[in-house]
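Work through the exercises below with the sequence and the model open. Try each task before reading its solution.

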Amino acid sequence: MIKQRLISALVLSLGIVSIIFALPNDYLIYFIILLSCFSLAEFLGLKFSRVSTILLVCFSLVLFYLASLPSFNKIFISLSALAYLGFFFLIISFPISKPFIQRNIVWLISGALIHLGFFAALYFLINQKESLLIHFGMDITNRMALFIMVLISVLMDTLAFFGGKRFGKTKLLHNVSPNKTVEGFLIAITLTPLIILVLTSSLVEKNFSEYIILILVASFVAVIGDAVMSLFKRVVEVKDASNLIPGHGGLLDRIDSHLATIPIFIFTLLLFS
């Protein structure tokens, strides 16, 4: 199982890196819309019928269009950040929060906010003319900034998984995700920011303390993003959103931490700048 997971992760990582750096802006946006719609379909499919899911995803295209407009773009990013704050309280209060989460309207709004915030954040990043990280004096392309965000999520997921396998003894979120351990989390939240800082600190020319906070927030939120999807899957008592990716489950299971990290990374950056 671990070997299959590693092979799938390697193939996916190579594919994502190629897409980030190779696709022109317009095609990258189309890819993100497709990715968001497919992930949203998996999320809604956990609760709704196939016909209802298809209709809801089709309607969501209107919302994705709105999320691309300047007057709505940052609103959706902000709403997504606020939603994850709410999800955090639902996670720590589970299973008391289960009846609330089971409501169709809560499920629908949650799925919409998660995926619209993800799309809006990426759309904002792709269409920025100047470097997104110019606040820190980092004169790097926004594609490279996106790669840093993705790398944070990948490192958190990988280090927490293998750290938990090797040293894990204490359950972190027993009611939501029994496989997560305190030891795995501590290893990931310590090593991930260190690795990112080692790789990028030489590029930071100002506001270094804020940059550290940004990386720490993004690293912590990656765990929340993963836990949020575990929460919703726990409510409907399924292990994976689908069996699309060998060793990983569905697309939603693979990008759950990215769905949280990217919008909140950009939201935090907007607060700083």
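## Exercise 1: an aromatic pair at the surface

Phe-89 is partly exposed, because its relative accessible area is 48% and the class runs between buried, under 20%, and exposed, over 50% (1.4 Å probe, protein chains only). This is a predicted model: local features need pLDDT of at least 70, side-chain atom pairs count only at pLDDT 80 or more, and totals for chains, interfaces and linings use all residues. Residues are numbered from 1 along each chain as its sequence is written, and side-chain values use heavy atoms, without hydrogens and water.

Task: Classify the ring pair of Phe-88 and Phe-89.

Solution.
1. Apply the pairing rule: ring centres of Phe, Tyr and Trp (its six-membered ring) lie within 6.5 Å; planes under 30 degrees apart are stacked, over 60 edge-to-face, the rest tilted.
2. The count by this rule is 14 aromatic pairs.
3. Phe-88 and Phe-89 sit 5.7 Å centre to centre with 75° between the planes, an edge-to-face pair.
4. Phe-88 is partly exposed because its relative accessibility is 29%.

## Exercise 2: a pair across the chain

Task: Locate Phe-136 and Tyr-211, and state whether they are buried or exposed.

Solution.
1. Their rings are edge-to-face, at 5.2 Å centre to centre and 65° between the planes.
2. Phe-136 lies in the loop between H6 and H7, Tyr-211 in helix H9, 75 residues apart. Helices are DSSP runs (H or I, at least four residues), numbered from the N terminus.
3. Both Phe-136 and Tyr-211 are buried.

## Exercise 3: the core

Task: Find which helix gives the most to the largest nonpolar core.

Solution.
1. Build the core from buried Ala, Val, Leu, Ile, Met, Phe, Trp, Tyr and Cys residues joined through side-chain atoms within 4.5 Å.
2. The largest one has 83 residues; Tyr-84, Trp-107 and Leu-133 are among those with the most contacts inside it.
3. Helix H9 gives the most, with 14 residues.
4. Leu-133 touches residues including Met-138, Leu-214 and Phe-265, leaving out those up to four places away in sequence. Contact means heavy atoms within 4.5 Å.

## Exercise 4: a buried histidine

Task: Which residues does His-258 touch, not counting residues up to four places away in sequence?

Solution.
1. Start in helix H10, where His-258 is found.
2. His-258 counts as buried because its relative accessible area is 12%.
3. The residues touched are Phe-118, Val-150, Ser-153, Val-154 and Pro-263.

Note on methods. Helix = DSSP H or I, 4+ residues; strand = E, 2+ residues; numbered from the N terminus.
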